[in-house]
Amino acid sequence: MRLSRFHLRTEKETPAEAEIISHKLMLKSGMIRKLAAGLYTWSPLGLRVLRKVERVVREEMNRAGAIEILMPTIQPQELWQETGRWEKFGGQLLKIRDRKEAGYCYAPTAEEVVTDFARNELASYKQLPVNFYQIQTKFRDEIRPRFGVMRAREFLMKDAYSFHLDETSLQTEYRNMYDTYSRIFTRLGLKFRAVFADTGAIGGSASHEFHVLADSGEDAIAFSDASDYAANVELAEALAPGTRPAASQALRDIATPTQKTCEEVAALLQIPLSHTVKSIALMGEDNEGAPQFVLALVRGDHSANEIKLAKLPGLGDYRLASEEEIRTHLGASPGFLGPLNSAQPIRVIADRAVAAMADFVVGANRDGFHIAGVNWGRDLPEPEVADIRNVVAGDPSPDGQGILGIARGIEVGHVFALGNKYSEAMNCTVLDAQGKPVNPLMGCYGIGVSRIVAAAIEQNHDETGICWPEAMAPWQVAVCLINPKNNPDVLAAAEELCEALNKAGIDSVLDDRGLRPGAMFADMELIGIPHRVVVSERGLAAGSFEYRHRSAAEAENLDHASLLARLTVSPP
């Protein structure tokens, strides 16, 4: 391919609208162009990268035994009503009506559609297990689409759905998909980590997220320094710290007229932040479904985990208590709250770390005061104890091996063991070996194909542009033609080299645009071509080519055979 016949338009200036490096470089290199908020046109250059990712995904899914189908992006309202998600999915669901006023949505996912397909196509256990997948556009109406294709409203996704007669079969396929995803991200040349995760809006009993590791990642990942354990911080278990020390201080009031946060109180008392307790006022439900005021306690240097709280009895749909509700139950304003001296009986839930504390400081439920020297058993009844905080670096690993570190990651894949949530809701059945109708168990496996492109850039870039892993690069090699005198021998040598590389299976492009070397090389570095070969009159006379790898500091001169050998053994 010749760049003179290809549409490539790069920008010299960094676009003002871009916030993260992948968005900046994708716009600057001309890979994408914004149409509207969260909607992007992929240029020929960007599409080459997208298709290369898609090819690897398709090859590995086929290798794993999945069967490709293609489902509509426009889905009937009735299917979503069967599962109850027409309302529960929330504002991300783009709802539309046709000329007959029939309700539809633009697909954010396809559990309903694939289950409808299965209930009409699968009749017997003999057809199971089966895994259907598609690579299809999705739409989620993000409140604030940002970061380019990293959090776009429209995106390309590979979603797969498996059907099984029993749990053993489901777990086998779950592991198959887990291994398949590992192969996909390895082939794409990405540094990644699979982590335990919450099932979220999709639902199900088990879940792993696959994260590309990058400092700009939105998600925090907890990982052990001594094992393969890794989990989303939202799910990682914070273990109990051990035996509670004996009380050694007397209970005493501390005047804190303007100190409302744990940080301010700790600074006033000149004590570690870890000796204070943070009180979070919530409204949940009691056993009868009536509103219940709950005070959740975490150590001053810890943060409460919303997902862990929501899994506790009575807190499934909790919310933060209003200031009026706080004053009614505790008799104080926010900033001075605690479990002692409440105006009404309240439910107290202490994090494991708080339950192991002695002589701690907490709000006095009296404006302008905190209480120091507080101890469980002596000053307060023993609390309800639960793991309700986010883990932090240095916590012991939940698997008992090593300590936890925290890294940033970009979620690019997710696997779920759904169980019969959707097959039961939609009355999808097959006949088992005894002729009895049963709801098949399901698995769900998604990969953000377009998101992988942005994530790869976040992980692979430098000050001059993108540094693509070879499997994702638009071309592996750029043959740069420097021929100011229009010497036909130089052009012929460049064309011959490019043809030889392509015949050898090395995806190559000839830059014959006639740019000055500096501008030409800057473009190649910006768009991230892994290998650059310069063909010039001087090199031709010397019988050599100037070769430089994208990450190398200096170029080197190689003859034709050495160049082909170097590029042929280059990592895939």
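1. Helices here are DSSP runs of H or I with at least four residues, numbered from the N terminus, and the model to which this assignment is applied is a predicted one. On that basis, helix α14 spans residues 517–527, and the residue that follows α14 is glycine 528, which has a positive phi near 85 degrees.

2. Within α14, the buried residues are Met520, Phe521, Asp523, Met524, Glu525, Leu526 and Ile527, so that the acidic side chains Asp523 and Glu525 belong to residues counted as buried, under 20% relative accessible area.

3. A second positive phi is found in the hairpin of β5 and β6, where glutamate 101, with a value near 65 degrees, belongs to a hairpin that has five residues between the strands. The two strands, β5 at residues 94–97 and β6 at residues 103–106, pair in the antiparallel sense over four bridges, and leucine 94 has tyrosine 106 of β6 as its bridge partner.

4. The second largest pocket, with a volume of about 310 Å³, is lined by 22 residues, and those that lie nearest its centre are Lys260, Lys278, Ser279, Gly335 and Leu337. By class, the lining of this pocket divides into 13 nonpolar, six polar and three charged residues.

5. As to which elements build that lining, α7 (262–269), β14 (277–285) and β18 (360–363) each supply at least two residues to the second largest pocket, while β14 gives the most, with five residues.

Conventions. Residues numbered from 1 in each chain as written. Predicted model: local features only at pLDDT ≥ 70, side-chain atom pairs only at ≥ 80, totals over all residues. Heavy atoms only, no water. 1 Å grid on protein atoms, 1.4 Å probe; cavity = no way out; pocket = protein on both sides within 12 Å on 5 of 7 lines; lining within 4 Å. Points joined across faces, edges and corners; volume = space filled by probe spheres on them. Nonpolar A, V, L, I, M, F, W, Y, C, P; charged D, E, K, R; others polar. Pairing = 2+ DSSP bridges. Buried < 20%, exposed > 50% of the residue type's maximum accessible area, 1.4 Å probe, protein only.
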